[in-house]
Each structure stands twice: as C-alpha cells, then as structure tokens.
Amino acid sequence: MDRLLINRVLKSINEEIILIYYISLKTGYYFYVLGSSNFIYKIIVNKNYQKCNCEDYFKTKFCKHICFVLFKVLKVYKIILSNFELKLNSDHLQDTEFFKTKIFPKLDWFFIKKNFKNIKKYIRSNFFDKDYYDKFNDFYHQFHYLIYKKIEPTKNECIICMSEMDEGIKCPVCKKFYHTHCLIKWLNKTDSKNCKMCRSDYWNLCYKYMVLLENKKIDKKYIL
Ligand SMILES: [Zn+2]
Ligand SMILES: [Zn+2]
Ligand SMILES: [Zn+2]
C-alpha cells in the first residue's frame, strides 16, 4: 500500500475542496477547484495524462486535487476504507492499474468520459458552488472572447523579443503579434499596460482576464 497516495485520496475526500468550474476542451477535461487556502487550481484530465498547477504536482506529478476530481467529482474510483484498497467504481468494484501507471486503462477512461457527460448527476452541493460556477463562467467567456481568440498561428516576429513565432497573440488594434509570455511579462512590469506598438488600451482593459493564460494557481479574489 502506497501511504502517500492513500493519504492524498483521504485528504481529497475529507478536506474542503470546492469544484467551481468544469469544461470539456480539445485537450481534455478541465476542472477548476478552490482549495482551503483560497487559491484556485486547474486540473486537466486527459486520456494520456493528468495535470494540476499546485506545488505538490510539480514535485511528485500527482496531487489531492486530481484525486478530488477522480474520486469525489467523477466517482470513477473508490477507496475501500476497511483495507484502503483503491478500486475502479464499476458495477462490481474492479482492480485497476491506474495508480501504478498513472495512465488510464481503456475501461477507466470509458468511465471518465461517461461520467463527465453526466457530470450534473455526480455533483453534490457539499463540494460544488453554483454562484462560483456562474461567476467563473462569465469570467471564462470574457477571457475566451477577449484573449484566447486573439491567439493565432503566425510566422511574424514577436514585437518584444524579436524572435520568430509559431503562434502569437494579436493586438486587435495594430494587428501586431506578441508571444503570450512576452506580452504578459511586459504588461506585468508597465503601469499603463498599453500596447507596446500602438499604445491602445486594449490590453489594459482586459488585463485581468490574463490570469487564466498563466499556468499558476490564482488568488480567489481575482475571479470570485
Ligand atoms: Zn493539485
Ligand atoms: Zn517574444
Ligand atoms: Zn497594438
């Protein structure tokens, strides 16, 4: 028995973690959760990997937030408390290789897809907040429209670092391209937050939505 793993599963079930948003994208199922520290974490579950942007994940490639999604939200796995065995939560509890390989076996992935489709059936109000969901949903759609849709493939040079790009974020006023990370760095250190090229205030107006571009935990106060 892997004690660290069992501890994580128990924490994910017992600690106060709140699901505030979920969405299915091309790259996988995305979950945003609010931890007891008042930070928002992003979990991605995909056929080939699971990811979180918390400290634990960076150190060990697994964390309680991923367990929260798999055990509590989607209920794909179950912990048997009498002997701490981890089982696939099918009609009969079944053995699974997932916790050794961290890659979903076919059947496990089938249940993840199925349960995500019916997610509303699995969500319980004691770990889901509808008001937070609505707030996050508004924020997410603003982000998608104002920021994410401005990212395009391009062969232009980045206005800031002057190196070539495969993909950049386009200023809708001057049509010049930036690397997203160069633009964020630039905006973080200037007070005016105007476009470096055309001085329009587009980026200033939607600066707050950029937190969703960065792969960092987010302080609750920025969104909720
Ligand atoms: Zn995590
Ligand atoms: Zn650049
Ligand atoms: Zn511009």
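In this predicted model, the largest nonpolar core holds 33 residues. Ile 20, Phe 31, Val 33, Ile 43, Val 69 and Leu 70 touch the most other members. Several elements each give two or more residues to this core. Three of these elements are strands: β1 (18–25), β2 (28–34) and β3 (39–45). The helices are α3 (64–73) and α5 (106–117). Helix α3 supplies the largest share, seven residues.

Ile 43 illustrates the contacts. Residues up to four places away in sequence are left out of its list. Ile 43 then touches Phe 31 and Val 33. It also touches Lys 51, Cys 52, His 65, Ile 66 and Val 69. A second core, separate from the first, has six residues. Among them are Ile 169, Tyr 178, Cys 182 and Leu 183.

Ile 119 lies in helix α6, which covers residues 119–122. Ile 119 has 16 C-beta neighbours inside 10 Å, so it counts as partly exposed. A buried residue would need 20 or more such neighbours, and an exposed one would have 12 or fewer. Leu 74 is 45 residues from Ile 119 along the chain. The C-alpha atoms of Ile 119 and Leu 74 are nevertheless separated by 6.8 Å.

The protein as a whole has 224 residues, of which 25% count as buried. Its secondary structure comprises nine helices and eleven strands. The C-alpha trace spans about 65 × 35 × 30 Å along its principal axes. Contacts between residues at least 6 apart in sequence were also considered. Of these, 44% join residues at least 24 apart.

Terms used:
Residues are numbered from 1 along each chain as its sequence is written. Chains are lettered from A and ligands numbered from 1 in the order in which they are written. This is a predicted model: local features need pLDDT of at least 70, side-chain atom pairs count only at pLDDT 80 or more; totals for chains, interfaces and linings use all residues. A nonpolar core is a set of buried Ala, Val, Leu, Ile, Met, Phe, Trp, Tyr and Cys residues joined through C-beta atoms within 7 Å. Helices (H or I, at least four residues) and strands (E, at least two) are DSSP runs, numbered from the N terminus. Two residues are in contact if their C-beta atoms, placed from the backbone, lie within 7 Å.
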